[in-house]
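Open the model in your viewer and keep the selection panel at hand. The tour goes stop by stop.

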Amino acid sequence: MKGKYLLMPLLFACTFTLQAQHKVSGTITEQGTDFPLIGVTIYEKDQTNGTTTDFDGKYELTVSDKNGTLVFSYIGYTEQEIELGGKSTLDLVMETDIANLDEVIVIGYGTQKKKEVTGAISKIKAETLEDMPVTRIEDALKGRTSGVTVTSVSGQPGETGTVRIRGKTSIGNSNPLYVVDGVVVNGGIDFLNQGDIESIEVLKDASAGIYGTRAAAGVVLITTKQGNKNRTQVNYTSYYGTQAPWKKLALLNAREYGILMNESSVAAGGDILFADPESLGEGTDWQDAIFNNNAPIQNHELSISGGSEKSTYHSSFGYFDQSGIVSDAQSRYQRFTARFNSTHEITDRITFGNTLSYSRVKGVGVSTNSEFGSPLSRAINIDPITPVLETDPNVLNNDIFSNQAVVTNSEGIPYGISELVTSEVLNPLAALEIQQGFGHSDKIVGNVFAEIEFIEGLKFRSSVGTDLAFWGNENFTPVHYLNAANRIELNSYSRGQNRGLSWIFQNTLTYSKRLGEHKFTLLAGTSAENNSGQAQGGTVRDIPINNIDDASLTLFNTAESQTFGGYEYHDRLASYFGRINYSYAEKYLFTAIIRADGSSKFGPNNKFGTFPSFSAGWVPTEEDFLRNNPVVNFLKIRASWGVNGNDRIGNFLYVSTVGGGRSYTFGLDEDLTNGVSPNAIANPDLRWEQTAQTNVGFDAKIFKKVSVTFDWFNKLTSDMLLPVVVPSYVGNFGPIGNVATMKNTGVELELGYGNTFNGVGIDISGNVSYIENEITDIGRDKEFLPGQTFSPQGLEITRTVVGLPVGYFYGFKTDGIFQNAAEINAYTNADGTPIQPEASPGDFRFVDTNDNGEIDPDDRTFIGDPTPNWTYGLNIDVNWKGLDVRLFGQGVAGNEIFKANRRFDLQMANLPASALDRWTGEGTTNEHPRLVMNDPNKNFSRSSDFYVENGAFFRIKTAQIGYTLPQNLMDKIGIKKIRVYLSGNNLLTFTQYSGFDPEIGDNAFDTEQVSNLGIDRGIYPQPRFYLMGINATF
Amino acid sequence: MKKITQIISLSFVIFLLTACGKDWLELEPRGLELESNFYETEEDVFQALVATYDVLQWGGTDGWTMKLGLLNAASDDCYAGGSDASDQPSWVAFDNFTLDPFLGPQAGLWRKGYTGIYRANLVIEKLETVEGLSDEFKARTSAEAKFLRAFYYFDLIRFFGNIPLINKVLSGDNFYTQTQADPAAVYAFIEGDLNDARNTFELPETLPSSEFGRITKGAATALLGKVILFQNDESRMADVAAIFEEVINSGVYDLEQDFGEIFKNSNEFGIESVFEINHSSNQRGGYGNFGNGDTEGNYSVQFFGMRDYVGPLYANGWSFCPISEELVDLMQNDPRFPHTIIDGNMLRQQGASYSEGYQNTNYFIRKYAGLQDDVALDGEPALNWGNNIREIRLADVYLMAAEAHNRSGNDAQARTYLNRVRTRVGMQPSSGISGNVLLEVIYRERQIELATEGHRFFDLIRTGKAGEVLGSQGFTAGKNEVLPIPQTEIDITEGNLNQNSGY
């Protein structure tokens, strides 16, 4: 058997020369897995003798010079040259080449060589992240890998991104499952330090099946760093920068505002409102007043790692502080983190280790995307005539300023109060002044594990992980008068303190064995998880203080002036899982996964769910006909199918709860007697949502320099949870049930290229994904699911219907503007009667989509898709000597944005500058209707395609220039590496979208809202920032 | 030794891999009461019964769907009214009989009825399963639940004609599979419930004032008589008469001496009241909890009031159910007129004012008129009228008894009861008439005595006079005797329910 593998060296035999002969032997293993590597080419440098490793990774080579140099090479691994120095045994661990196919992939409860992976798994390595600062770890995924869309919900510091793996998987919660070092983490991953991350793997297809009932929306596995044996390393990274908005909206200034409001009022038969608009001048630029053009951001991370022969450790400290670009004081995020990871080889067969992290976060924030009182919405809508600060004595003489608790700045000057624009559209600075409060959290995430190898290849691993979080908030609202509708006469102070603990106890048994060409790894495991928490909070009113620093819950007058409330939650999951990885000669690959999850969230009828998945791969480049092909160096064709679940619903929805208040008054005294009845029908059959996914793809390396990964997938989500509509004769409301289905189909392509020309290294990688989302069923008797609304009128702007993507924009279609009365009269139905008899020239021509001869609500139709079909990313690295330049861009296409940033219901709200191009007479425009106060044709008060804009954009996320100090200089001062860089983030955004920012993520929190992706209510935009940073290793 | 260590270790591993049992996943929710374990004591089951009573007060299910107002609008007593035709289109549709499967009050009436039935079914099931209940409690609670179930079914069968008969709490298997029962079977079921109720020894004949509003033997008996009467089976009229005799001769009830006293809020649960639905003005209801019975007020009162009324005595309202000229003419010289009809013109002459609403006749309902003195002091006044609905009163029983005696050949007894109603208000007793002539006189007396109390429409239907009387209003005989089945209900069941003929 051995002889077969010694064929290769025989090829070299004819060139053997008779010299002083020295024999060298050893074993070559793979980094990370310790698997022996077969077929590694070993040759003596500048000589012709060589060999390859055998099945056990062993080699033996006769060399001509015992002090010569051996070259070890293997596709996918870094080529190494080792000086023999007279040694006769030389073992080597081959390190995988960066951006290569043969790296080790974390697959959940184990690792696998990427070469042998049969699922669609993307990996982001530490190296990729090292010099690319991100403010949140989710952002590290943005544009880096195909099939993963990360959309910032807003630009506010600390705000999470919307992470979608292969689209929106559920009408409900579509967030992926985050697993950090084997611990399932709830409540986001913002406790992580960028520098602590070893790798991030994204399980996109059936490979996620190892996480069963929670894997439907994909799984993100994050591995933190461990130390290296016998090598102490200190690393310090830091950056400091400044942020500013990259765009201001063009709005009317005071003069223009006066003119247009006059025109609008007169058109409606009203009076001239501003006698002399010219005298109004520029007025107030509210955006200038509210934006912070110099918002600092800084980050410091210090890590120490190292170890002995038996133990390794990695510990780190981090501090991150980011101010927001909207308001200085009210939008800020600070985080402190500490980590200690270690492993210890207690005996040859027993390893023990831990990961432990602590984080402390303090954040304040403003409302980021709301027409009801976000600072930017106010800045857009408030009139430009009202001053930021009121200094006009005539106005200050007004009763309001003397009798009411008007809000003043720190110097005691009152803020201006608009008499033109009312409701929630307040002076944004005054409103921020009375918003006092912050949120905080302390979080400990960690695990301890032990691994025992009973016999060769048979390992048992047991780990206990915890996620312990304390979080809360404090808020104080002083007595204030902002306008007639927004005033508080009693102050209030509230404080909430919450605690959540989840623990996970996991035990796995792994057996790896090679039998001839057959290599397999068997995994069996169990997991038990407990997740519980309590929340409590209280409010006191009318306390004798006037700012949050002095506020306390002990300060209250009467028992009635304080309120207290809280809730608790508890759920459990018990799981059994198994996996077979099988490989025949690294040519035929097969993986089967099964997981059974029992969840306390479901009733006895469906306590346990079983999730199977299968995948297979074929590596033609291991076949004779394609082996050593000069063009196709590597090719693997993969296919997978599997079913994953989604259990993220509330607890105890399967049972029927009862509620009081179904009362009746008995007796002459009409005594209210409490009646109790079930709140809804029970649904003991309630079960998880499930997603069946088919994936076909390939990985290839061509011309040794270009890597290609392609995938096609089809995801069918069924049993989505929605309220079940039952006939009224049932006598109660229907339960939450497994009702709806949806489909996501797409293709993904990742390309990579790396080369060196005359010392200039170039690395280019890009990815592009195309996805189509379609709702295929929303249950009996539902024509649509209602979605988002705008304004106090509750204008319906999205609906979810069968046959279209989720959360589609909904409204009227316009067909230009009536230029004259003749056009209005000519727009008739079949009987010849005008369709819009009330319209005037300058008004929209609405499309009578149902041809019933009038414009009515039934004419509303589907006018835009908030979900991008295309997402893509591009990364270019060029380095020459110590200099490097990096460009990273990311974009989306095939989506629309609903621009709902003006309060059409407030007639005096400011207008975008585009209103200057309104219709003013025949032939002036066909785009922007006339301005008329009461808007009889409902040009603005209808949801229509007027508000829908192309949402495609491409953004240069990062442009960076770095310099690594020369090694010889570093060696002298005993430093391993120093790199300094300048970086600009969000430098350029290419988009046709006219609002603040085309990036508007989905943070809808329940199935009733479905999705708020792509709805701009005056979004808090992404900042543009400039950073300088340093990365030093000692 | 090493082997042993390995075996022990492996055993431990196997233990760890299989440790979690199913029980571990059974959690008890905190802060939530489960249906499965809430009903454990008499008090708990009583609360389920209260929830069944609660539905009696509902008037805001799927829009404004008060039975009293709707039946007045549909009958020849009143028009729909309101501010204009678009104020309450479903009321207008019922008034004009332009109902269709989508338009009309059917959805709310249907839901209300079946919600009451569901809650009654639940009570009846809990009485069987909950342990430790006293026999006395079980008997009385069962009787009350069965009465309420019968009451809701009686409304549903009269409104819809063809309805599913559901006598237990449905479960997932049969949510969508119900079909309409033979109306005779529904009537038989109602009779069964009412007989069970009234034959329960523990169901009291009279109540302490603190329990006013709960079901009595007299209420169950009177309703049973009415249910049988409504089936129009001449062969059973003697039985009907006998049943009403039980109520009349029970010694519990008597006519008010003064007709005007009957509907006074100060005279709730008076001597004449056999079954009364309690409403309350002091429960602080608001639009926030309007809808499914979270307010305890009588919305009809607000509906009937004069729009923008300024003047003495009355509170203003929304000008629904203006009284028809026909009823005004009919009652012109009747001593009950001033207690039945408000003459708006006369009020205006006295200096009061109000806005004329849709279909204004200047005549308004007096029996359920909102008085200034009765305006709720807290909450939204419009939703908190405390006027109880006199669902069955002795005069009604007398007139039904008279009818049953007449139709079973006992005209003497029929005249006796007819004349008790007439002489109470000082009208001349009828004498010397018999047979069909007498029957018509009884019907005429019913129309006047019970005007605007919500009886007229169903009386016209059961006597076959609706086509003749309401034809000018738009009534189509053979169709409008019943409402359309709510279309959503047919859609959800994917056609297991059939639409009523003509719709």
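The stops below cover two sheets, a helix and a pair of cysteines, all in a predicted model.

**Stop 1: a sheet in chain A**

Select β4, β1 and β7 of chain A. These 3 strands make an open sheet, in the order β4-β1-β7, with mixed pairing. Which strands lie at the edges? They are β4 (58–63) and β7 (92–94) of chain A, and each pairs on one side only. Look along the sheet for its twist: neighbouring strands are turned against each other by 35 degrees on average, direction ignored.

Now keep β1 (residues 22–30) and β4 of chain A on screen. The two run antiparallel and pair over 6 bridges. For one point of register, pick K23(A): T62(A) in β4(A) stands opposite.

Strands of a sheet pair through backbone hydrogen bonds, so show backbone atoms here.

**Stop 2: another sheet in chain A**

Select β10, β15, β16, β13 and β14 of chain A. They form an open sheet of 5 strands in the order β10-β15-β16-β13-β14, and the pairing is mixed. The edge strands of this sheet are β10 (121–125) and β14 (183–185) of chain A, each paired on one side only. From one strand to the next, the twist averages 25 degrees.

Zoom in on β13 (residues 177–180) and β16 (residues 219–224) of chain A. In which sense do they pair, parallel or antiparallel? Parallel, over 4 bridges. Label Y178(A) and V220(A): V220(A), in β16(A), is opposite Y178(A).

**Stop 3: helix α9 in chain B**

Move to chain B and select residues 217–229, helix α9. Check its length with a distance between the end C-alpha atoms. At 1.5 Å a residue, the 13 residues should span 18 Å, and the ends are 18 Å apart, so the two agree.

Next, colour by accessibility. In α9(B), 12 of the 13 residues are buried, so the helix is largely enclosed by the rest of the structure. The buried residues include G218(B), T221(B), L224(B), K226(B) and L229(B).

**Stop 4: two cysteines in chain B**

Select C78(B) and C321(B). Why is there no bond between them? The closest cysteine sulfur to that of C78(B) is in C321(B), 4.9 Å away, which is too far for a bond. The cut-off for a disulfide is 2.5 Å. C321(B) is likewise in no disulfide. Over all chains, the count is 0 disulfides.

Are these cysteines buried or exposed? C78(B) has 1% relative accessibility and so counts as buried. C321(B), at 0%, is buried too.

Methods. Residues are numbered from 1 along each chain as its sequence is written. Chains are lettered from A and ligands numbered from 1 in the order in which they are written. This is a predicted model: local features need pLDDT of at least 70, side-chain atom pairs count only at pLDDT 80 or more; totals for chains, interfaces and linings use all residues. Side-chain values use heavy atoms; hydrogens and water are left out. The expected span of a helix is 1.5 Å times one less than its number of residues. Buried means under 20% relative accessible area, exposed over 50%, partly exposed in between (1.4 Å probe, protein chains only). Two strands pair if DSSP finds at least two bridges between them. Axes are lines fitted to C-alpha atoms, for helices over the stretch in contact, and angles run from 0 to 180 degrees between N-to-C directions.
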